[in-house]
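Open the model in the viewer with the chains coloured separately. The tour goes from one selection to the next and says what is found at each stop.

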Amino acid sequence: MSAQVTETVGRPAASYSSGATLKQRVEDFLALEGELLDERKFDAWLDLLDEDVHYWMPLVRNFEFSRPQDEYSEQGVGAAWFDEGKATLRQRVMQIQGGDHWAEEPLSRTTHITTNIRIVEATDTEITVKSRFLLYVNRREEEVRIFVGKRIDVLRPTENNFLLKKRSIFLDQTKMLFKNLSNFF
Amino acid sequence: MTTDGIGAGLINTGSGLVDRAIFSDQSIFDREMEAVFDKSWLFVGHESQIRNNGDYFLSQLGRDQVVVTRDNSGKVNVLLNVCTHRGMPVCRYDRGNAKMFTCPYHGWTFANNGDLTGVPLRTEGYGGNLDRAKWGLIKARVVCYYGSIWATFDEAVPEFEDFLGDMAFWLREFLMSPDGEDDGIEVVDGILKCEIPSNWKFGVENAAGDLYHDVSHKSVQRVGLSLSKLRGRHTWDADPATFKLLNITFPAGGHAVRGNLYDFANREYQSQWAAIPEVDEYFREAHYTRQKRLVEKERLLNRGGVVFPNFIYNAANRTSITTLIPRAAGRTEIWKWVFVPKNAPQAVKDAMRHYLLRYTGPAGMVEQDDFENWGSAQLGAESILARRLPMNYQLRLGDYAKWAWPEPWIGAGALVDEGVSEHAQRVFYDRWSEMMTGEPQTVRQEAAE
Ligand code: FES
Ligand SMILES: [Fe+2]
């Protein structure tokens, strides 16, 4: 890997090429985000989040065909795996960074794969993006967790990049098949 | 009770030693399902999950899946989710509302109280001879206790309040709102479910009174979690009033509580939710109302505990219930219900919901480290070489615990130790051993002498 390829942190390459489309820039942003998490640059990842970010992963249920509203727990009312703002995401990062958070000590190996990226709506202030994710986690020797699901992100354009304003994560699991959710999506 | 010897000699609470096989041996696990789980009242859910007639949700009674319903007459039922014809689960949804459950296989139809109401070809095929009254879903005995729902399929298990003994006060108190009103909490919609690679007993003994494991939670203490604006994860960390730290056990049933007994009655409220003044104000008022309602027992802070065998709760503003659902010797499902005070302002409900979801479950900043540790303890329990070595439960082993202490109103059935101790775990395993082998418990024998 050349130095040029690895040194993209905080500077999405596409944003420098005048010909980059909005979609290319969005894809670049999402790839960068996953890369920072996988490289454990958690503080740099936090910098990509808006101060008012809302990060939400509802519970998922098996539901009657006639009651689709039962599938996900209700935002702001029901229980959730995550219902976070920037302050508490920062706390979670600080927890990992002390060397004493046993669920992530030693740190997991993660690979974030974000795909099927589609811009659903774009205004001057907000871009809504749908995607699919695969988060592979490997811990200690034999622990493997594979999280697959759907994401809806709202990005806020800044001068030469974006900030994540809202992330909704819909995991394709009702019962969590693993003992911990100690990674970011 | 048990005659084949499974379970005998595994527990020696007199010397504080426990054989690792109780965590790893599948034949011991199978015996537990019959001798412990089938013979106990088990928690299945909360009435606030089924507010309207017809509401239902799926739950677990040990290894058996059950449907918990509020039937058309408003009564709560716990029904084995097994069709009496050929065994299909008749309900396939985590929750919903239904007047009846129709089996997907041959179409037998059961009312939401379990009665068999419809059988295809009943006249032509069965000649009208099928006695529908005999073929309803299997119904458990059910008790609703201040909002919580308990059930057992065993007719011989004693009445629920006898099963609880003096633990009753603590369970009832846990189910109160912060101002001491009975049946004062409601479920935040949704049950958090996850799976841990661990024996179910590691979670229970932890909640029974492992006050020794604080080091597990160093990372969250460092970062802070409570909204008191002070470091720490508990809201009560902000209260400087002095107290005795109690490991209260109820050996007859195997139940246990972790509690603070404050040295002085009617202490002043100390701000515990300073980050949100409106919420702090609610808890201030609640504090004084509770003092009036609980009279001398207001000095107690119920921190959490265990109803034997697999119900654990966290109290003191971390209002949540966990059941440890045994799947195999090394595999357990964790189910978690989180609660907020029913009659509190919305701001209080929101603050508690957020605090709880950050505290508890597989995404919780506190319990992630617990689950990691229980999974790791399982590795040790399964180690071939280490099996020669019993697990050590000797912390404060000796003549420390006292009956009905420090105040007689704590109950004649309470055996209490003070401080950081493994007393509660020893009592838990004593009761476990009694149920597994039929041999009376060491502590109760000694007390009788
Ligand atoms: S199995 Fe249910 S109707 Fe046959
Ligand atoms: Fe813990």
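Select the interface between domain 1 and domain 2 of chain B: three salt bridges cross this interface, a salt bridge being a side-chain nitrogen of Lys or Arg within 4 Å of a carboxyl oxygen of Asp or Glu. One to display is Glu186(B) with Arg51(B), at 3.2 Å from N to O. Four residue pairs are in polar contact between domain 1 and domain 2 of chain B, both residues at pLDDT 80 or more. A polar contact is a pair of N or O atoms within 3.5 Å; within protein, one must be able to donate a hydrogen and the other to accept it, and residues adjacent in sequence count only if both atoms are side-chain atoms.

On the domain 1 side of this interface, helix H2 (26–37), strand E13 (185–187), strand E19 (320–328) and strand E20 (331–341) of chain B each supply at least two residues. Helices (H or I, at least four residues) and strands (E, at least two) are DSSP runs, numbered from the N terminus. E19(B) gives the most, with five residues. By class, this side has 14 nonpolar, two polar and six charged residues; Ala, Val, Leu, Ile, Met, Phe, Trp, Tyr, Cys and Pro count as nonpolar, Asp, Glu, Lys and Arg as charged, and the others, Gly among them, as polar.

To colour the domains, use 11–39 + 166–448 for domain 1 and 42–144 for domain 2 of chain B; the bounds come from an automatic or database domain assignment. The contact takes 22 residues from domain 1 and 16 residues from domain 2 of chain B, where contact means heavy atoms within 4.5 Å. The two domains of chain B bury about 1,500 Å² between them, 58% of it on carbon and sulfur atoms. Buried area is the accessible area (1.4 Å probe) that two parts lose on being put together, summed over both.

A note on the basis of these values: this is a predicted model, in which local features need pLDDT of at least 70 and side-chain atom pairs count only at pLDDT 80 or more, while totals for chains, interfaces and linings use all residues. Residues are numbered from 1 along each chain as its sequence is written, chains are lettered from A and ligands numbered from 1 in the order in which they are written, and side-chain values use heavy atoms, with hydrogens and water left out.

Next, show both chains. Chain B and chain A bury about 3,500 Å² between them, 47% of it on carbon and sulfur atoms. The contact takes 41 residues from chain B and 38 residues from chain A. Across this interface there are 11 salt bridges, including Glu372(B) with Arg140(A), whose closest N and O atoms are 3.3 Å apart. Extend that selection to Arg139(A), Glu143(A), Arg145(A) and Lys179(A): with Arg140(A) and Glu372(B), they are linked in a network of salt bridges.

Stay at the chain interface and select Leu357(B), which is in helix H9 of chain B. What surrounds this residue? Leaving out residues up to four places away in sequence, Leu357(B) touches Gly78(A), Ala79(A), Ala80(A), Arg92(A), Leu192(B), Val338(B), Ala363(B) and Gly364(B). Leu357(B) is buried, at 5% relative accessibility (buried means under 20% relative accessible area, exposed over 50%, partly exposed in between; 1.4 Å probe, protein chains only).

From Arg92(A), select helix H4 (residues 86–96) of chain A, where eight of 11 residues are buried; Arg92(A) is one of them. Their cover includes H7, H9 and H10 of chain B, as well as helix H3 (42–47), strand E1 (49–58) and strand E2 (80–84) of chain A.

Now hide chain B and display Arg167(A) with Glu33(A), a salt bridge of 2.7 Å, N to O. Arg167(A) lies in strand E6 (residues 162–171) and Glu33(A) in helix H2 (residues 22–38) of chain A, so the pair ties together parts 134 residues apart in sequence. Buried or exposed? Arg167(A) is buried at 0% relative accessibility, and Glu33(A) is buried at 2%.

For the last stop, bring back chain B and select Glu268(B), in the loop between strand E16 (255–262) and helix H8 (277–294) of chain B. Glu268(B) is exposed, at 54% relative accessibility. A polar contact of 2.9 Å joins its side chain to that of Tyr288(B).
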